[in-house]
Amino acid sequence: MTAEILETPMDTSVLDPLRIQLDELRANRLYRDFLPVAHQAAEPGHTWHNGRLVQVWCSNDYLGLSQHPDAIAAQMASIAQHGTGTGGSRNIAGTSVAHVELERRLAEWHGKERALIFSSGYVANFESLSTLIAATPGMVVFSDALNHRSLIEGIVRSGASKQVFKHNDLADLRARLAATPSYLPKLIVFESVYSMDGDTSPLSEILDLAEEFRALTWLDETHSIGVRGATGAGLSEELGDHRATFIQGVFGKALGTVGGYVVGPDVALDYVRSKAPGFIFTTALPQASMDATLCTLDIVQKGAGLRAELADKAALMKAELRARDIEFLDADSHLVPVMVRGAERVRKVADLLLEHHDIYVQPINFPSVPAGSERYRVTVAPFRTPEQIANFAESLQHCLKAYDPSSRIAEESR
């Protein structure tokens with residue numbers, strides 16, 4: 001029987017539509033290439049590539065904590081004591097004492113009743129939103145036009161009525177809320193810092209509207225956790241406004257580990273814990289990872305100096321870019337979106353930076369951003385030196401000027 005199956009040729013024509021679409025992505029310079037990296041704990045912000053040490057300028061490890069010696073030591077010690085994995089889901093031997101302690105501290109950090117840890121920020125958004133919205137009859141969801149895909153997919157999966165309001169447009173949001181029957185339950189979903197443009201939301205004003213129209217709120221603090229607020233709890237802490245019903249955050253960016261979480265009312269998150277498939281039917285994160293996160297949470301909560309240094313280095317990068325007339329979005333955050341418009345151009349310039357200057361930035365193109373607004377999302381960790389920042393800007397200026405289809409260097413990079 002096995003031999004018969006092996007000898008029967010598989011009809012792969014059913015896969016032809018997939019090949020055609022992949023070919024179209026390549027032809028339009030939208031195919032995503034992944035650069036294999038070997039991050040260096042001894043050289044934060046660097047990786048080995050083709051035998052050369054390359055600087056990484058697009059990492060979400062905003063504070064460099066993934067390579068912090070204390071975090072590494074905490075994880076290694078925990079592995080030695082507890083092993084490399086949990087061996088089960090949260091409800092089958094996967095809830096370690098570190099999970100319980102971290103959830104307690106996260107809830108306390110954000111001033112909420114309960115916290116729930118997920119395998120990633122994407123899963124935290126998708127599973128929690130889809131589960132909670134679907135369980136609330138008649139729920140109408142109001143979603144910012146630039147919300148992350150995890151938020152969008154969670155809302156869509158719920159099957160609820162959705163209205164997309166213009167990005168950060170309070171008038172549009174107000175009009176949509178006012179036009180919705182008052183008896184229907186409402187949820188406003190938005191972010192504190194938007195990763196592609198680096199801009200911040202009018203957080204308090206949105207929460208004012210939520211109170212006026214009796215709406216619940218879901219605030220994604222992914223890109224402000226660790227880098228905003230007196231103890232790094234995000235933009236809501238920085239503004240002293242803790243009215244959001246739910247807050248979502250992650251460990252895999254400024255906290256330097258892996259995983260995501262949601263904090264909010266006890267009854268709501270107990271329901272998610274009991275009903276969300278992506279929480280119930282997946283292996284829990286290792287205790288060693290949770291112990292490392294507890295360590296980096298300590299560092300972040302005491303890390304006012306790190307946050308100040310991050311802000312200073314981002315400001316220095318903007319000054320270096322501005323001095324060279326390099327286009328960027330001057331937003332109110334640590335993110336520096338550098339505009340390199342055109343799918344072909346953004347890829348070619350990135351290739352030149354890597355090949356000739358040992359600098360790695362990842363092109364961001366459609367559908368992550370609209371066609372014609374291609375860019376690099378540059379991050380400037382606290383450990384970057386003024387010399388490295390100036391060198392980055394100078395190298396980028398050289399490559400932007402060099403990329404011309406008729407120029408020699410552009411031809412060599414084809």
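Here are some worked exercises on a predicted model, each with a solution in steps.

**Exercise 1. In what order do the 7 strands of the open sheet stand, and which strands are at the edges?**

Step 1. Start with the order: the sheet runs β3-β9-β8-β7-β6-β4-β5, and its pairing is mixed.

Step 2. Now look at the ends. β3 (114-118) and β5 (161-165) each have a single partner strand, so one side of each has no neighbour in the sheet.

Step 3. Add the twist, which averages 20° from one strand to the next.

Step 4. Then see what lies against the sheet. Helix α6 (residues 121-134) packs on it and touches β3, β4 (140-144), β6 (186-191), β7 (216-220), β8 (246-250) and β9. The direction of α6 makes about 170° with that of β7.

**Exercise 2. Work out which pairs of strands run parallel and which antiparallel, using β3 with β9, β4 with β6, and β6 with β7.**

Step 1. A quick reminder: strands of a sheet pair through backbone hydrogen bonds, either parallel or antiparallel.

Step 2. Take β3 and β9 (residues 260-264): they run antiparallel and are joined by 5 bridges. Within this pair, leucine 116 has valine 262 in β9 as its bridge partner.

Step 3. Move on to β4 and β6, which pair in the parallel sense over 4 bridges. Here serine 143 is partnered by valine 189 in β6.

Step 4. Finish with β6 and β7, parallel again, with 5 bridges between them. On this side valine 189 stands opposite tryptophan 218 in β7.

**Exercise 3. Are the two faces of β6 covered or uncovered?**

Step 1. Sort the residues by face. Remember that in a regular strand the side chains alternate between the two faces of the sheet.

Step 2. On one side you find Lys186, Ile188 and Phe190; on the other, Leu187, Val189 and Glu191.

Step 3. Check burial: 6 of the 6 residues in β6 are buried. Both faces are therefore covered.

**Exercise 4. Is isoleucine 206 buried or exposed, and what does it touch?**

Step 1. Find the residue: isoleucine 206 is part of helix α9 (residues 203-212).

Step 2. Its relative accessibility is 1%, and buried means under 20%. So isoleucine 206 counts as buried.

Step 3. List its contacts, leaving out residues up to four places away in sequence: Leu170, Leu173, Ile188 and Phe190. You've already met Ile188 and Phe190, which sit on one side of β6.

**Exercise 5. Now try asparagine 125: is it buried or exposed, and which residues does it touch?**

Step 1. Place it first: asparagine 125 lies in helix α6, the helix that packs on the sheet.

Step 2. With 0% relative accessibility, asparagine 125 counts as buried.

Step 3. Leaving out residues up to four places away in sequence, asparagine 125 touches Ser130, Ser150, Leu151, Trp218, Asp220 and Gln248. Among them, Trp218 is the residue that valine 189 stands opposite in β7.

**Exercise 6. Where do the partners of three salt bridges lie: glutamate 108 with arginine 104, arginine 273 with aspartate 270, and aspartate 330 with lysine 318?**

Step 1. A search of the whole structure gives 26 salt bridges, so there's plenty to pick from. 

Step 2. Glutamate 108 and arginine 104 have their closest N and O atoms 3.9 Å apart. Both lie in helix α5 (residues 97-110), 4 residues apart, about one turn of the helix. Glutamate 108 is exposed at 56% relative accessible area, while arginine 104 is partly exposed at 44%.

Step 3. Arginine 273 and aspartate 270 meet at 3.1 Å, N to O. Both lie in helix α11 (residues 266-275), 3 residues apart. Each is partly exposed: arginine 273 at 38% and aspartate 270 at 27%. They also belong to a network of salt bridges that links Arg114, Asp266, Asp270 and Arg273.

Step 4. For aspartate 330 and lysine 318, the closest N and O atoms are 3.2 Å apart. This pair links distant parts of the chain: aspartate 330 is in the loop between α14 (304-323) and β10 (336-339), and lysine 318 is in helix α14, 12 residues apart. Aspartate 330 counts as exposed at 52%, whereas lysine 318 is buried at 8%.

**Exercise 7. Which residues make the nonpolar surface patch of about 410 Å²?**

Step 1. The patch is made by Met10, Val14, Leu15 and Leu18.

Step 2. Zoom in on leucine 15, found in the loop between α1 (2-7) and α2 (16-27). With a relative accessible area of 32%, leucine 15 is partly exposed.

Terms used
Residues are numbered from 1 along each chain as its sequence is written. This is a predicted model: local features need pLDDT of at least 70, side-chain atom pairs count only at pLDDT 80 or more; totals for chains, interfaces and linings use all residues. Side-chain values use heavy atoms; hydrogens and water are left out. Buried means under 20% relative accessible area, exposed over 50%, partly exposed in between (1.4 Å probe, protein chains only). Contact means heavy atoms within 4.5 Å. Patches are made of residues with over 30% relative accessible area and no salt bridge: like charges are joined within 9 Å, nonpolar side chains (Val, Leu, Ile, Met, Phe, Trp, Tyr) within 5 Å. Accessible areas come from the Shrake-Rupley method with a 1.4 Å probe; for residues, only the protein chains shown count as cover. A salt bridge is a side-chain nitrogen of Lys or Arg within 4 Å of a carboxyl oxygen of Asp or Glu. Two strands pair if DSSP finds at least two bridges between them. Axes are lines fitted to C-alpha atoms, for helices over the stretch in contact, and angles run from 0 to 180 degrees between N-to-C directions.
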